[in-house]
Amino acid sequence: MRPFAYVKAADVDSAVRAASEPGARFLGGGTNLVDLMREGIERPDTVVDVTGLPFDTVDDLPDGGLRVGALVRNSVLAADPRVRARYPMVSQALLSGASGQLRNMATVGGNLLQRTRCPYFYDHASACNKRSPGAGCDALDGFNRSTAILGVSASCVAAHPSDLCVALAALDAVVEVRGLDGTRRVPLADFHRLPGDTPDVETTLAPGELVTAVELPPVPVAANSRYRKVRDRASYAFALVSVAAALEVRDGAVTEVRLALGGVAPKPWRATRAERLLTGGPADEDAFRRAAQAELAEATTREGNAFKAPLAVATITAALRELSTGGTGR
């Protein structure tokens with residue numbers, strides 16, 4: 001790890017000013033950034049510590065939603081009784097995302113900014129456009145079992161690693177950010193970018209912008225929701241495929257459905273095609289499977305990850321089946 005300057009931010013404005021300088025990075029929980037610094041992948045000139053800023057509470061909003069400060073620990077959010085009752089998919093996603101020790105350190109804001117776990121991203125001997133723009137992508141024809149099958153490009157097939165963000169995508173969460181020009185609100189659907197020709201640009205954040213909060217809107221259907229994760233082992237592991245699903249059924253028909261996928265795209269993937277096909281139709285297994293197949297119809301698979309398309313179909317179907325038969329995420 002090479003030397004770097006350390007700044008302890010006294011307030012939001014000073015944090016943003018310090019982080020606007022070239023080569024600066026924010027430090028919250030540090031569970032991803034510090035690892036990347038040890039590996040020499042992140043090489044900041046300055047680390048701006050924001051852990052003393054007042055963003056560590058979960059507050060009720062007047063409309064029935066929740067405002068989650070960016071420094072709220074994952075373990076705290078997962079255990080919050082309001083989250084467990086109103087948004088069980090969020091609690092389940094957090095609990096499936098890491099060990100208890102990591103959840104006690106990791107923050108909500110940092111979770112949004114996780115970088116991929118593609119093995120080539122971590123291997124300095126490999127070509128990786130995300131780590132070194134223009135270098136190429138060895139994952140295209142290499143070991144690509146964990147890579148994405150939706151939203152990929154010829155420059156990058158790395159999958160986004162966050163579990164929490166999948167649930168937030170299904171809920172239409174909004175990210176609050178603070179920069180030199182003030183505060184703005186970014187729908188989570190627009191916060192992360194697909195790789196295109198610039199896979200190293202992963203979010204729509206401007207230099208120095210700080211995530212200050214995430215807002216969960218009131219979503220009544222989310223009370224009947226779940227997060228289903230398929231991984232290589234039951235303990236701490238990243239998703240091969242995951243599904244955040246919420247469902248409302250009346251008189252045998254789907255009146256509202258929300259679906260988002262993880263492990264299959266470079267960003268949390270909102271399954272809008274499946275949602276459209278399901279809404280107003282029968283709430284049965286055949287309909288669930290057809291909608292899931294439609295969502296995965298344009299998947300771009302490779303030798304190592306071709307199993308992900310049928311696995312995603314099966315996982316979506318299973319999650320919706322459980323919710324339709326009375327299973328909840330609580």
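# Reading a predicted fold, feature by feature

Biologist: How many aromatic pairs does the structure hold?

Modeller: The structure holds 1 aromatic pair. Rings of Phe, Tyr and Trp (its six-membered ring) pair if their centres lie within 6.5 Å; planes under 30 degrees apart count as stacked, over 60 as edge-to-face and the rest as tilted. The rings of Phe 121 and Tyr 122 have centres 5.5 Å apart and planes at 90 degrees, so this pair is edge-to-face. A word on the source: this is a predicted model, where local features need pLDDT of at least 70 and side-chain atom pairs count only at pLDDT 80 or more, while totals for chains, interfaces and linings use all residues. Residues are numbered from 1 along each chain as its sequence is written, and side-chain values use heavy atoms, with hydrogens and water left out.

Biologist: Is Phe 121 buried or exposed?

Modeller: Let us fix the words: buried means under 20% relative accessible area, exposed over 50%, and partly exposed in between (1.4 Å probe, protein chains only). Phe 121 has a relative accessible area of 0%, so Phe 121 is buried. Tyr 122 has 23%, which makes Tyr 122 partly exposed.

Biologist: Which residues of helix 1 are buried?

Modeller: Helices (H or I, at least four residues) and strands (E, at least two) are DSSP runs, numbered from the N terminus. In helix 1 (residues 12-19), the buried residues are Val 12, Ala 15, Val 16, Ala 18 and Ala 19. Looking down the axis of helix 1, these buried residues fall within an arc of 165 degrees, so they line one face of the helix. That arc is taken from the directions from the helix axis to the C-beta atoms.

Biologist: What covers the buried residues of helix 1?

Modeller: Here contact means heavy atoms within 4.5 Å. The cover includes strand 1 (5-8), strand 2 (24-27), strand 3 (46-49), strand 6 and strand 8 (210-216).

Biologist: Which residue caps the N-terminal end of helix 1?

Modeller: The cap is a polar contact, that is, a pair of N or O atoms within 3.5 Å; within protein, one must be able to donate a hydrogen and the other to accept it, and residues adjacent in sequence count only if both atoms are side-chain atoms. Asp 11 caps that end, with a side-chain oxygen 3.4 Å from the backbone nitrogen of Asp 13.

Biologist: And how many residues has the largest nonpolar core?

Modeller: In soluble globular proteins, nonpolar side chains tend to be buried together. A nonpolar core is a set of buried Ala, Val, Leu, Ile, Met, Phe, Trp, Tyr and Cys residues joined through side-chain atoms within 4.5 Å. The largest one has 39 residues, and Leu 77, Val 90, Leu 112 and Leu 216 have the most contacts inside it. Helix 9 gives the largest share of this core, 7 residues. A second, separate core of 28 residues includes Leu 150, Val 264, Val 313 and Ile 316.

Biologist: Which residues is Leu 112 in contact with, leaving aside its neighbours within four places in sequence?

Modeller: Leu 112 is in contact with His 160, Cys 165, Leu 168, Val 175, Leu 188, Phe 191, His 192 and Val 214.

Biologist: Now the strands: how many bridges join strand 10 to strand 11?

Modeller: Two strands pair if DSSP finds at least two bridges between them. Strand 10 (241-250) and strand 11 (253-262) run antiparallel and are joined by 9 bridges. Strand 9 (residues 225-230) and strand 10 are also antiparallel, with 6 bridges. Strand 11 and strand 12 (residues 269-270) pair in the antiparallel sense over 2 bridges.

Biologist: Which partners can I pick out by eye?

Modeller: Start with Ser 242 in strand 10, the bridge partner of Lys 229. Ser 242 also stands opposite Gly 262 in strand 11. Next, Val 243 has Leu 261 of strand 11 as its bridge partner, and Leu 261 stands opposite Trp 269 in strand 12. As for burial, 7 of the 10 residues of strand 10 are buried, so strand 10 is largely enclosed by the rest of the structure. In strand 11, 7 of its 10 residues are buried.

Biologist: Where should I look for a positive phi?

Modeller: Most residues other than glycine have a negative phi. In the hairpin of strand 10 and strand 11, with 2 residues between the strands, Asp 251 takes a positive phi near 55 degrees. At 85% relative accessibility, Asp 251 counts as exposed. Asp 172 has a positive phi of about 60 degrees although it is not a glycine; Asp 172 sits in the loop between helix 9 (164-170) and strand 6 (174-179). With a relative accessible area of 38%, Asp 172 is partly exposed.
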